Amino acid sequence: MSLVLGEEQLMLQDSAREFCRENAPIKVMRRLRDSHDSLGYDPQIWTQIVALGWPGMAIPEAYGGYDFGYTGLGLVLEETGRCLLNSPLISTVLLCASAIRIGGTEEQKKKLLPQVVAGSLLLALAIDEAPHHQPSRVALLARKTGSGFTLNGGSKRFVLDGHIANKFIVSARTSGEVSSSTGISLFVVDADTPGVKVTRQWMVDSRNSASLEFNNVQLGHDALLGEQDKGLPLLQQVLDIGCIGVAAEMLGSAQEVLDRTIDFLKQREQFGVPIGAFQGLQHRAAIMFADLELCRSAVRAALHALDHDPPAVPALASLVKARVGDTFFTISNEGVQMHGGVGMTDEFDIGFFLKRARVAQQFLGDEFFHRDRYAALNGF
């Protein structure tokens, strides 16, 4: 397995970096935050992203995509992480489009995936009901009826981009007990279906989130995604893809923190010399650099596995989510501390990365969740 990027991949990464620097710097995120924007993302930037073909990166050509693979999408997410870009890439493209590609019927794929590629369909994954990530804990009931299914008796939390989504992919229990790993099914639910209540929430990193409530929601048989009662294995594949993609984004964010911190160490002076000349700070920067290089290798390996080695994906997904999450957490702390007092002010962008690290670390399971899962997958 080669972890060296090919020429086309390097060109993609360079173009994504240039686009983000010119069109989506951190001041865009600051503007959206300060204006309490109703969407929480810039639709003009999203239109440009669609024109670049990013939503179709990992979608087969048969459904309007470009079949460039998850390595390509991961490289794009790494660059969006450097500028903390708010966009539907993770919720719609990384998570929900993957669920449809893997588990959808041919009719669902032909209907929905081209809309994702065109940027006209926004999706959100609604699976968590507890305060912490626990995908097998599902209390929302889906009762089978003559015309389809009825969703009732539950709510979903921490639904990324929930308030802007046209459709949701929702986990519901069609049989079994609340914490049973069997009896879970996935459904595609229109956001405007009667009985669906969406409440927007603002997270500390200024990303979009929502909570959903379901009250006597009527669905047709064609709303079922995948097989009835066998939704958890499909969902786990989607979550593995999500963990690896989010790890790639966190890698980009952590790299940006290190770059900004090193620039600051070269410019800030104390006692007549740049503070970067102090050996203690040099050692801390060197440790951050080494940790990032380890994370980069792990992320490249995980993205490669998504495209070429599916059996290796589950363990690598938990490995990179835990490892990169830890590293981003530490580097965001170090970045603020090494900036000194100004690092704590809103005027400096470095604090935004610290906030993003906290949310990204919890999203789709924190380091404790994934260390436990990694151990279980390896027989411990």
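# Notebook: Phe-68, Thr-71, helix α3 and the empty spaces

**Entry 1: Phe-68.** I listed what Phe-68 touches, leaving out residues up to four places away in sequence, and found Glu-8, Gln-9, Leu-12 and Met-57. I note here that the model is a predicted one. I then looked up where Phe-68 sits, which is the loop between α3 and α4. Is Phe-68 buried, exposed or partly exposed? Its relative accessible area is 29%. Buried would need a value under 20% and exposed a value over 50%, so Phe-68 is put down as partly exposed. I also took one long distance: from Phe-68 to Gly-146 I get 42 Å, C-alpha to C-alpha, and the two are 78 residues apart in sequence.

**Entry 2: Thr-71.** Thr-71 belongs to helix α4. Its relative accessibility is 11%, and because the limit for buried is under 20%, I count Thr-71 as buried. Which residues are in contact with Thr-71, once its neighbours within four places in sequence are left aside? I wrote down Gln-9, Leu-303, His-304 and Asp-307. With Asp-307, the side chain of Thr-71 also makes a polar contact of 2.9 Å. Gln-9 was on my list for Phe-68 as well.

**Entry 3: helix α3.** I went through α3, residues 43-52, and marked its buried residues: Ile-45, Trp-46, Ile-49 and Val-50. Why do these four count as lying on the same side of α3? The arc they cover around the axis is only 145 degrees, so they share one side. I added a reminder on helices. An α-helix has 3.6 residues a turn, so residues three or four places apart point the same way.

Next I checked what the buried residues of α3 pack against, and noted α1 (7-23), α2 (26-34), α5 and α6. On the face turned away from the buried side I found the exposed residues Gln-44, Thr-47 and Ala-51.

I looked at both ends of α3 too. What caps the N-terminal end? Asp-42 does, with a side-chain oxygen 2.9 Å from the backbone nitrogen of Gln-44. After α3 comes Gly-53, and its phi is positive, near 90 degrees.

**Entry 4: the largest pocket.** I turned to the empty spaces. Rolling a probe the size of a water molecule over the atoms shows where empty space is left. The largest pocket has a volume of about 380 Å³. I counted 20 residues in its lining, and nearest its centre are Gln-108, Lys-111, Val-188, Asp-222 and Ala-223. At least two lining residues come from each of α6 (106-118), β6 (184-190), β9 (217-220) and β10 (224-225). The largest share, four residues, is from α6. I sorted the lining by class and got seven nonpolar, eight polar and five charged residues.

**Entry 5: the second largest pocket.** For the second largest pocket I noted a volume of about 270 Å³. It is lined by 14 residues, and the closest to its centre are Tyr-70, Arg-101, Ile-102, Ile-241 and Leu-306. Two or more residues of this lining are given by each of α4 (69-82), α5 (89-103), α7 (231-267) and α8 (279-308). Which helix supplies the largest share of the lining of the second largest pocket? It is α7, with three residues. By class I recorded eight nonpolar, two polar and four charged residues here.

**Entry 6: cavities.** How many cavities of 30 Å³ or more does the structure hold? I put down six. The volume of the largest cavity is about 120 Å³. Its lining has 16 residues, with Leu-85, Asn-86, Ser-87, Asp-161 and Arg-207 closest to the centre. The elements α4 and α5 give two or more residues each to this lining. I split the lining into eight nonpolar, five polar and three charged residues.

The second largest cavity holds about 90 Å³ of space. Among the residues that line it are Leu-95, Ile-127, Arg-157, Phe-158 and Phe-363. Both β1 (123-126) and β4 (154-160) supply at least two residues of this lining, and the largest share, three residues, is from β4. I sorted this lining as eight nonpolar, no polar and two charged residues.

Notes: Residues are numbered from 1 along each chain as its sequence is written. This is a predicted model: local features need pLDDT of at least 70, side-chain atom pairs count only at pLDDT 80 or more; totals for chains, interfaces and linings use all residues. Side-chain values use heavy atoms; hydrogens and water are left out. On a 1 Å grid over the protein atoms alone, a cavity is a set of points where a 1.4 Å probe fits but cannot get out, and a pocket is an open set with protein on both sides within 12 Å along at least five of seven lines; lining residues have an atom within 4 Å of a point. Grid points are joined across faces, edges and corners, and a volume is the space filled by probe spheres set on the points. Ala, Val, Leu, Ile, Met, Phe, Trp, Tyr, Cys and Pro count as nonpolar, Asp, Glu, Lys and Arg as charged, and the others, Gly among them, as polar. Buried means under 20% relative accessible area, exposed over 50%, partly exposed in between (1.4 Å probe, protein chains only). The arc is that of the directions from the helix axis to the C-beta atoms. Contact means heavy atoms within 4.5 Å. A polar contact is a pair of N or O atoms within 3.5 Å; within protein, one must be able to donate a hydrogen and the other to accept it, and residues adjacent in sequence count only if both atoms are side-chain atoms.
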